[in-house]
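Q: I am new to this structure and would love a close look at one part of it. Could you pick out how its charged side chains pair up, and walk me through the surroundings as you go?

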Amino acid sequence: MQDFESLLPSLYECQHLTEAEMKSLCERVKELQMEEGNVQPVMSPVTICGDIHGQFWDLIELLRTGGKVEDGQRYVFMGDFVDRGRNSLETVTLLFLLKACWPDRVTLLRGNHESRQITQVYGFYDECQQKYGSAAVWKACCSVFDFLNLAAIIDGTVLCVHGGLSPDVRSLDQIRLLSRNQEIPHEGAFCDLMWSDPDDIENWAVSPRGAGWLFGGSITREFNHVNQLSLIGRAHQLVQEGWKVMHQYSSLQDEISDVSPVGKVPPPRPIALPEPEGDEMTTEIRIGGEKNGEEERGDVRVNVEIPVPAYDSALCTVWSAPNYCYRCGNMASILSISDTSRVFKVFGPAAENNRPGPTPDRRPFGASRGGMLPQYFT
């Protein structure tokens, strides 16, 4: 069997593998994914991550912020590994290598961009063609995409999914029964899990994306209640602060008496969501639990926190691509979950993004079609 761990040092320098190595890696990861279910159980402590979109050096910054897989840190990556960034190939390769080397520490969920149709438009296909001279590696990666998990469930109470909910899915068992070994459909439950978004509404509404749905607070809280969940963690939407909490349980009092999926609903209390301060590149924000002292990384102080009740928010969005498309100016975050706390760690773009590129063209892949980002943005 290929010694995949020996390939990591060169990849950490953003050097892509040979075609033969990539095909071998894809076969190994596909074998591992075939052994896992649509809804993969994960134990805490674990860190969940949102969209990365081919921003390789920002993935490295994410691992610096959250901890190395080699050192025992566990991760759930919630899809959209490829497209738009300059290094989709190296990004997905690193995630596949980490999965191949430490399968119990890395869970890879499918996003709407892990798709043949989407990757042919937004950059990953073109990048593979440019770097290998053929579509063979792209095809190998797409064969792995078909077996990525649709969701993960942490400690039986926190559901991770790329997009959101579906009117065709009321229970987790319905997700478990879906056939995932296929291209993402244009409609139905599988499609909705990849494409839907939460909104400040109560029920369902048509999504402006043209796929999936918008779903409101009552939908989220009912789904969590039925499935005994405390939180849904998802990605899929650019958030300027890197994170967002929505659909508080405190508004549930009139809906189902005083009982939530985890017992008593916390009493309503004001929630102040702070903006990133100044030029701070790393921020730590806690949901429940106590922070022990003040941490530092280099000259960056890690000490921002908010007093949000541990189970007050029914849903959160995690976005992990800072300065999205190298132009949006947003922060990024990861969400660390243990049995006592939930902690957003916010970070900015990696310094390595400023390294000189091999060509004068520093635009993200896919940007050449019209020179602007398309209306469909994430």
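A: Here is a guided walk through the salt bridges, followed by a helix packing and one loop residue.

A word before we start: this is a predicted model. In total, the structure holds 17 salt bridges, and a few of them make good stops for a first visit.

Let us begin with glutamate 222 and arginine 170, whose side chains meet in a salt bridge with an N to O distance of 2.5 Å. This pair links distant parts of the chain, with the two positions 52 residues apart in the numbering. Glutamate 222 sits in helix α10, which covers residues 217–226, while arginine 170 belongs to the loop between β6 (158–161) and α8 (172–176). How buried or exposed is each partner? Glutamate 222 is partly exposed, because its relative accessible area is 38%. Arginine 170 is partly exposed too, with a value of 48%.

The helix that follows this loop, α8, has a salt bridge of its own. Here the side chains of aspartate 173 and arginine 176 come together, N to O, at 2.7 Å. Both residues lie in α8, three residues apart, which is about one turn of the helix. Aspartate 173 has a relative accessible area of 48%, so it counts as partly exposed. Arginine 176 is also partly exposed, at 40% relative accessibility.

The next stop is arginine 209, which forms a salt bridge with aspartate 197; their closest N and O atoms are 2.6 Å apart. Once again distant parts of the chain are linked: arginine 209 is in the loop between β8 (204–206) and β9 (213–215), and aspartate 197 is in strand β7 (residues 197–198), 12 residues apart. Arginine 209 is partly exposed, with a relative accessible area of 22%. Aspartate 197, in contrast, is buried, because its relative accessible area is 3%, below the 20% limit for that class. Elsewhere, salt bridges that share partners join Arg110, Arg116, Asp146 and Glu183 into one network.

Now for a charged residue in another setting. Glutamate 61 is found in helix α3, which spans residues 56–66. Glutamate 61 is buried, since its relative accessible area is 10%. Its side chain makes a polar contact of 2.6 Å with the side chain of arginine 64.

Helix α3 also has a neighbour to meet. It packs with helix α4 (residues 88–101) at an angle of about 35°, and their axes are 8 Å apart. The crossing of these two helices is right-handed. On the α3 side, the contact is made by Phe56, Leu59, Ile60 and Leu63; on the α4 side, by Glu90, Thr91, Leu94, Leu95 and Leu98. Sorted by character, the residues of this contact are seven nonpolar, one polar and one charged.

Let us finish at methionine 43, in the loop between β1 (39–42) and β2 (46–49). Methionine 43 counts as exposed because its relative accessibility is 57%, over the 50% limit. Leaving aside residues up to four places away in sequence, methionine 43 touches Arg74 and Asp155. Methionine 43 and serine 338 are 295 residues apart in sequence, yet their C-alpha atoms are 8.8 Å apart in space.

Definitions and conventions:
Residues numbered from 1 in each chain as written. Predicted model: local features only at pLDDT ≥ 70, side-chain atom pairs only at ≥ 80, totals over all residues. Heavy atoms only, no water. Helix = DSSP H or I, 4+ residues; strand = E, 2+ residues; numbered from the N terminus. Buried < 20%, exposed > 50% of the residue type's maximum accessible area, 1.4 Å probe, protein only. Polar contact = N/O pair within 3.5 Å; in protein donor to acceptor, adjacent residues only side chain to side chain. Salt bridge = Lys/Arg side-chain N within 4 Å of Asp/Glu carboxyl O. Axes fitted to C-alpha atoms, helices over the stretch in contact; angles between N-to-C directions. Left-handed = near helix turned anticlockwise from the far one by under 90°. Contact = heavy atoms within 4.5 Å. Nonpolar A, V, L, I, M, F, W, Y, C, P; charged D, E, K, R; others polar.
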